Each structure stands twice: as C-alpha cells, then as structure tokens.
Amino acid sequence: MSAEATQDVEAYASRALAELEAVRDQKALEAWYRAHLSPSGTITTLRKRIGSLPPEERKPFGARVNTAANTLKDAFERQKQVVENLELERAIRREAVDVTLPSRPLPTGGLHPITAAIREIERVFNAMGFETFESPHAELDELNFELLNMPPAHPARDMQDTFYISECAVLRTHTSPGQIHAMRKYAPGPLRVILPGRCYRHEQVTPRSEMQFHQVEGLMVGPRVRLSDLKGVLLAFARQVFGKNQQIRLRGSYFPFTEPSVEADIRCTLCGGEGCRVCKHTGWLEIAGAGLVHPTVLRNGGYDPSVVRGIAFGMGVERAFMLLHGITDIRHFFQNDLRFLRQFR
Ligand code: FA5
C-alpha cells in the first residue's frame, strides 16, 4: 500500500472509484475487488494501519477509512450490476438468433394420395347429404354376390375373381355389399350414403389391375328417386372435383344389381375433350358404374320396390386417380416409393 493512501484516504478512494468506473467486464471487476475490498486489498491494509497510529489519530483515521470502505462497497455493487448487464448484452449479441431467417424444413409425413382422394370425395358427398357408411371387408358370399342378384353360377361372378376365406365367406370384391347393410339399417325410410373402402380381387397384377384397390360406392333410396337424380348427383360431384364447367355422360352398361345400368364418363381433364392418349382420343374418361337399384336388390335390403326407388354408383379410386394424373402403373400406389407419393402432397 502506498504511503499516500495512509495520508490521503479520500484521494485514494476517488482514484479507486475512477478505476472502478472504467471496469467493463467480470474479470476486471474481480481484479478491482481483490485490489481494494478483499482481505488482501487496500482497505484491509488501511484498517491494519490504524493500530500503529498515535492514539489520538486512530479514531478520525478509522472513521475516514470506514467512509471510504462504504463508498467503495456501494460503488462496487452498482458497478457489478452494470458489468452484469454488459456481459448479458455481449452474450445476447454472441448467441444472436436472426428470427427473420427461413427455418430448416422439418420432414413431415403426409396422407397417401388415395387416402387424400377418398377424403375429398367424402367431403363433396357429405356436403350433398350423403352419410359415410362403413361396411366389413370380409363378407358372406350371400351379401357380396347373392343378394346383389348374382346367384352361385351367375356369369357376372367371373368378372370379379374372388378370394374365398371359407366356403361361404369372401374378401369383398366391391363395396356394393355395403348397399345391403345400409338398406337393412334404414329400410323402410329414405337413405343417402357413401361407402368408401378397400376391395380385393384375385387378379393377375398388371399396370391396370391390383389385387387390392379402393372404391367409393354411393346409394340413395326414397319414394321420388329417379335416374335424373343419379345424373344430377354425379354432375354436381364432377363439377366440384374437376371444375365448374365439367360435363358428364351416361352410357348404357350392365350390372346384375342395377336396372338400367350405366357407365358414367366425365370430359377428359387432360385434353378438355379434344382427344388425347389418356382418353384414347374419345374426349371422355370413365369414372363410375351406376344405375337404378334393381328391384330384387331393394327387396333384399328390406324395401318395397313398388314404393321406393334407388340410385347407386361405384367408382374405382385408383383408376380414376390414374386417369386424372396420367399415371400409367397402378402398382405405384402400393409400393410406397416416397418419390412417387410426394408428387401429390
Ligand atoms: C363394380 O365393382 C360395381 N360394384 C360398381 C357399381 C356400383 C355399379 C353400384 C353399379 C352400381 P366394376 O367391377 O366395374 O364394378 O368395378 C368398378 C371399378 O373398380 C372399376 O371401374 C375400376 O375403376 C375399379 N376396379 C375394378 N377392378 C380393379 C382392379 N383389379 N384394380 C383396380 N381397380 C379396379
């Protein structure tokens, strides 16, 4: 300690204060504390000096040292706060996050295109008052065929090669057996349902045909239901999904469970009806089999065909999706290659 400190405590204290004011970081603050306020610092040394002074000087000198010590302690506490704030600012600047930077993309899952397509179809029909109706994948032969007017030796069964689970049970080959379930639930009242779901056929897998695929069936039964309702419902659906100027056409066809039976086509969405490879230059794409529910089927469902009539339609979701997107191989839907699936997010 300097002799000057003993002589002029106040001058020492104001120099120490000036030094303290210049302190800008934690390290310098600690060094300052060690030099002035710690047990080995100047204030302690000054206190130790008190005993060596003549008795009359001890009290006034002690009082001056105490005043200096208190001033330095208070100043130290204030500067400590300043330094903490400075350190914090520095840390914030060092670890600064630029919130305007774009974030790194997180890999997320997505719906399978067929699931998304079915949900979209459901949304449109639900809005038209069609309730979604679930029916089993494993069916009695009776419901999958017989009650739909296809008795055991009926030639139409050949069109739907079947996985038999037992003598009398099958994996459903189409969603039409759901018609019987729905009718039996609602008869004799009116009903309006769609039945989306997976179907199974024991088929040779080719670019056009899979052993499993999805259909969405529609069924509406009531006293005033007519073929024109079928056209109206399918047209409304086509316009919501494929564009407000869409057109549809119905062509005569055959299904054992509808009479008359039709195929419903929409204007080719790729060429707008001009004719292209996808629509085979016809300008039209087939989207559904349909018709008026056969009176026998209505009866099997619990209705009196002299009182009510029904319209029904069934569309193959993968095939329709393929037509719309120009996909040439149905097997892509089941291989789960993300390069394929991500195109339809
Ligand atoms: C039926 O299954 C009828 N139940 C549709 C129906 C319902 C008609 C209500 C009348 C009233 P079809 O066998 O044509 O019809 O099959 C309907 C659609 O399912 C086909 O147009 C096709 O899009 C799709 N489909 C059929 N077999 C396969 C398959 N192996 N792979 C992919 N899609 C298929």
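Domain bounds here come from an automatic or database domain assignment. On that basis, the chain of this predicted model is divided into domain 1, covering residues 9-95, and domain 2, covering residues 113-344. The C-alpha centres of the two domains lie 89 Å apart.

A good place to begin a tour is the interior. The largest nonpolar core contains 41 residues, and Phe-125, Phe-237, Phe-313 and Phe-333 are those with the most contacts inside it. Several helices and strands build this core: at least two residues each come from α6 (113-127), β5 (212-222), α9 (227-242), β7 (258-267), β8 (284-293), β9 (309-316), α11 (317-325) and α13 (338-341). Helix α6 makes the greatest contribution, with six residues. Around Phe-237, once neighbours within four places in sequence are set aside, the contacts are Ile-121, Val-124, Phe-125, Met-128, Phe-242, Ile-287 and Met-315. Apart from the largest core lies another one, made of 23 residues, including Phe-145, Leu-191, Val-193 and Phe-255.

Helix α11 deserves a visit of its own, and Met-322 is found there. With a relative accessible area of 7%, Met-322 falls under the 20% limit and is therefore buried. Setting aside neighbours within four places in sequence, the residues in contact with Met-322 are Pro-207, Ile-327, Thr-328, Asp-329, Ile-330 and Phe-333. The last of these, Phe-333, is eleven residues away from Met-322 along the chain, and their C-alpha atoms are separated by 9.8 Å.

Helix α11 is also met at the second largest pocket, which has a volume of about 260 Å³. Sixteen residues line this pocket, and those closest to its centre are Ala-117, Val-241, Phe-242, Phe-321 and Leu-324. Helices α6, α9 and α11 each provide at least two of the lining residues. Sorted by class, the lining comprises 14 nonpolar residues, one polar residue and one charged residue.

The loop between α4 (42-50) and α5 (55-94) holds Leu-53. The relative accessible area of Leu-53 is 16%, so this residue counts as buried, the limit being 20%. Beyond its neighbours within four places in sequence, Leu-53 is in contact with Arg-58 and Phe-61.

The backbone has some details of its own. A cis peptide bond, with omega of about 5 degrees, links Ala-187 to Pro-188. Pro-188 sits in the loop between α8 (177-186) and β4 (191-200). Another cis bond runs from Glu-259 to Pro-260, where omega is near -5 degrees. Pro-260 is placed in strand β7, and β7 is one of the elements that supply residues to the largest core.

Positive phi values in residues other than glycine are also present. Lys-280 has a phi near 55 degrees and is located in the loop between β7 and β8. Lys-280 is exposed because its relative accessible area of 66% is over the 50% limit. Asn-336, likewise not a glycine, has a positive phi of about 55 degrees. Asn-336 belongs to the loop between α12 (332-335) and α13.

Technical notes: Residues numbered from 1 in each chain as written. Predicted model: local features only at pLDDT ≥ 70, side-chain atom pairs only at ≥ 80, totals over all residues. Heavy atoms only, no water. Core = buried A, V, L, I, M, F, W, Y, C linked by side-chain atoms within 4.5 Å. Buried < 20%, exposed > 50% of the residue type's maximum accessible area, 1.4 Å probe, protein only. Helix = DSSP H or I, 4+ residues; strand = E, 2+ residues; numbered from the N terminus. Contact = heavy atoms within 4.5 Å. 1 Å grid on protein atoms, 1.4 Å probe; cavity = no way out; pocket = protein on both sides within 12 Å on 5 of 7 lines; lining within 4 Å. Points joined across faces, edges and corners; volume = space filled by probe spheres on them. Nonpolar A, V, L, I, M, F, W, Y, C, P; charged D, E, K, R; others polar.
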